[in-house]
Amino acid sequence: MSTSLHTLITDNLAAVTAKDVEAAVATFASHGVLIDPHYPRPRMAGHTEIREGLQWVVAGMRELNFTVDSWFFGEDGTSAAVEVSSRHVLASGRSLEFGQCFVVETADGRVIRWQAYEPYGPGGVGGLALGVSRLKFRRSRRRWRRP
């Protein structure tokens, strides 16, 4: 385990939880990239775009909470995957709970890529087809269980 990588990721999550946008941005290299499908701009490159994205998050959330469930470190000590349980509260008071995985790459002690993966199915036509298939599967399972 790379202590500096662990600390960098922990510091970023703590800054986001505290809604400290500048501290979160400071964990990124100037050319770093934040990729997250939850944001209006899913791919943000550089401090300005990352700051704007994080400001959007902070404005829309009453609370942000991340519990790290698992750490997976790359052999070179510059990358990691982190599974987290996210428990957030929107500004409206609605609670959100979901798991996600962050893949983090670093260079020279700063994040160069932070990419979020959520357990959602695909969108668009592919998502619609998957949804119909799952619905058919659930219905067929109910028929199997009936006496």
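This passage describes the nonpolar core, one buried threonine and the cavity of a predicted model. Residues are numbered from 1 along each chain as its sequence is written. Local features need pLDDT of at least 70 and side-chain atom pairs count only at pLDDT 80 or more, while totals for chains, interfaces and linings use all residues, and side-chain values use heavy atoms, without hydrogens and water.

The largest nonpolar core (buried Ala, Val, Leu, Ile, Met, Phe, Trp, Tyr and Cys residues joined through side-chain atoms within 4.5 Å) has 29 residues, of which Ile9, Leu34, Ile50, Leu54, Phe66, Phe102 and Trp114 touch the most other members. Two or more residues of this core come from each of H1, H2, strand S1 (28-35), H3, strand S5 (79-90), S6 and strand S7 (110-117). H1 provides the largest share, six residues. Helices (H or I, at least four residues) and strands (E, at least two) are DSSP runs, numbered from the N terminus. Beyond its neighbours within four places in sequence, Phe102 is in contact (heavy atoms within 4.5 Å) with residues including Leu13, Phe66, Val84 and Trp114.

Thr106 lies in strand S6 (residues 95-107). Thr106 counts as buried (under 20% relative accessible area, 1.4 Å probe, protein chains only) because its relative accessibility is 12%. Its contacts, with neighbours within four places in sequence left aside, are Leu5, Leu8, Thr78, Val111 and Ile112.

One cavity of 30 Å³ or more is present; a cavity is a set of points on a 1 Å grid over the protein atoms alone where a 1.4 Å probe fits but cannot get out, and lining residues have an atom within 4 Å of a point. H3 gives the most to the lining of the largest cavity, with three residues.

Terms used. On a 1 Å grid over the protein atoms alone, a cavity is a set of points where a 1.4 Å probe fits but cannot get out, and a pocket is an open set with protein on both sides within 12 Å along at least five of seven lines; lining residues have an atom within 4 Å of a point. Grid points are joined across faces, edges and corners, and a volume is the space filled by probe spheres set on the points. Buried means under 20% relative accessible area, exposed over 50%, partly exposed in between (1.4 Å probe, protein chains only).
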